[in-house]
Amino acid sequence: MANYKDNRFYDLFNRQSANQFKIGNTTYKERIKKLNALKAALETTYKEDIRKAMYDDFKKPYLETDLTEIYPVISEIKFTKQNLKSWMKLQKVDTPLALLGASSYIKYEPKGVCLIISPWNFPINLTFVPLVSAIAAGNTVIIKPSEMTPNASKLMAKIVGELFDENEITLIEGEVETSEELLKLPFNHIFFTGSPSVGKIVMKAASKHLTSVTLELGGKSPTIIDETANLEKAVKKVIFGKFTNSGQTCIAPDYVFLKEDLKDEFTKLFKENLNQFYTDKAEDSKSYSRIVNKEHFERLTSYLEEAKSNHTQIAVGGNVNSDDNYIEPTLVFDVPEDSKLMQNEIFGPILPVKTFTKIDETVDYINSRERPLALYIYSKNKKNIDYIMNNTRAGTGCVNHNLLQFLNPNLPFGGSNNSGIGKSHGFFGFEAFSNRRSLMKQHTIGATDLLYPPYTNFKQKLIDLTLKWF
Ligand code: NAD
């Protein structure tokens, strides 16, 4: 560790490193006890504080905080508690006949000292869900949450500080420099959730120590709606997926691909359903949150300005209020391909719609871009669904809904290439924070013991037999 003495987290890292075997050797029951403590903190002790912190950060409605911040962590804890005992067991696997006399196992051992870097858009959820997996797998952990949701970060620091010894788990608040400093240390695993551009910085820093990484990234997630879809239901679900959290969701539908002749009906249903959700003035609705800060508000309004200047058709919405970082739910058609709306991940409440005449246009377009984190299809036509599924690549997805794939802990969650590396949730999260150590136990004299040098004709015959028959 001598090389890191100047690093301001060197001492902390060293203490966690020294503690890793004690934590790594904790029993199933000891780990469950920690998860129960976290569960009680979120479910009871700090529930109101979490709701308030999220409201103060970007006016997130209480119900949305319960559903999208607290519930996913509680559900992850419950699922982990049900399964951890079997995940931690030595997993016996078959041994080939040629290795007779031995038995083989996979031991899921903790990675060691882990770093979790989380984003601002679901700060509680995306900090504590990976923490549940890290605890389950028996690691020590340093957490660096986003500086953009200071109320949530401050509260999480308090919760973590109260529940855990800092030699085991600690949360460090700070700006980007804090992340940069932490990333210099030789962690055993880094679990990063954020943008693809920062993901590359994280991977570069990790490569210095050959630290393994899980990168939960983002990008543009398409939604395809064909002529067989139940359009009313599809529109309602797209509005829910796009405008929950004001579109600041990694798996929100980024843009819609719509069968050409459905445009007018889609617009009509969009207006009706939007009014039902948020009234005709979303700004006054208690169910609609704000953009997280001025920087992101200005980024999104610059997309709208560009759309207005290049004759994009703003079919619904388009109003903003800079006093409050408010952007109205907005629907746009005819967006030029080279515009910011079609080039960047939108991560806000603006929904561009592209139209298609033949289904293969959607596949060709999607395959000409980076691989999406999520791909959604609304259709009753099995042939279309299979064609899209079999000819595209994406991290996750739903047929005839959106977002819900995140909530099933039996499903791996994560991207593909530009949208991420590695998976989280349930067993896949436990696996991300574990090293699969292979272990063979020799019980008797094995067949290979007969093959030690010197190599004789008899041994050659044995090898010939082995190659042929085993
Ligand atoms: P971000 O990449 O800007 O920041 C994420 C974290 O990285 C923050 O804690 C931040 O402090 C830190 N960071 C920022 N710049 C850094 C740098 N130069 N060096 C080291 N650390 C740095 O992302 P964000 O704006 O917080 O979140 C939005 C992005 O995250 C979107 O792209 C979204 O799709 C993605 N996201 C992905 C998932 C997922 O599960 N796949 C979930 C939520 C968000």
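In this predicted model, just one salt bridge turns up across the interface of domain 1 and domain 2. The partners are K59 and D324, whose closest N and O atoms sit 3.2 Å apart. With a cut-off of 4 Å for such a pair, the K59–D324 distance of 3.2 Å makes the grade. Polar contacts add to the picture: nine residue pairs, with both members at pLDDT 80 or more, are in polar contact between domain 1 and domain 2.

On the domain 1 side, the surface that touches domain 2 draws at least two residues from each of α3 (47–58), α4 (62–88), α5 (123–136) and α15 (426–432). Of these, α4 chips in the largest share, with seven residues. Sorted by character, the residues on this side of domain 1 come out as 11 nonpolar, nine polar and seven charged.

As for the overall layout, the protein chain splits into domain 1, made up of 10–217 plus 421–437, and domain 2, which runs over 222–414. The C-alpha centres of the two domains are 30 Å apart, and the contact takes 27 residues from domain 1 and 27 residues from domain 2.

Putting the two domains together buries about 2,300 Å² between them, and carbon and sulfur atoms account for 61% of that area. Three residues of domain 1 stand out here: F58, W120 and H425 supply 24% of the area that domain 1 buries against domain 2, more than any other three residues.

Key. Residues numbered from 1 in each chain as written. Predicted model: local features only at pLDDT ≥ 70, side-chain atom pairs only at ≥ 80, totals over all residues. Heavy atoms only, no water. Domains from an automatic or database assignment. Contact = heavy atoms within 4.5 Å. Buried area = accessible area lost by both parts, 1.4 Å probe. Salt bridge = Lys/Arg side-chain N within 4 Å of Asp/Glu carboxyl O. Polar contact = N/O pair within 3.5 Å; in protein donor to acceptor, adjacent residues only side chain to side chain. Helix = DSSP H or I, 4+ residues; strand = E, 2+ residues; numbered from the N terminus. Nonpolar A, V, L, I, M, F, W, Y, C, P; charged D, E, K, R; others polar.
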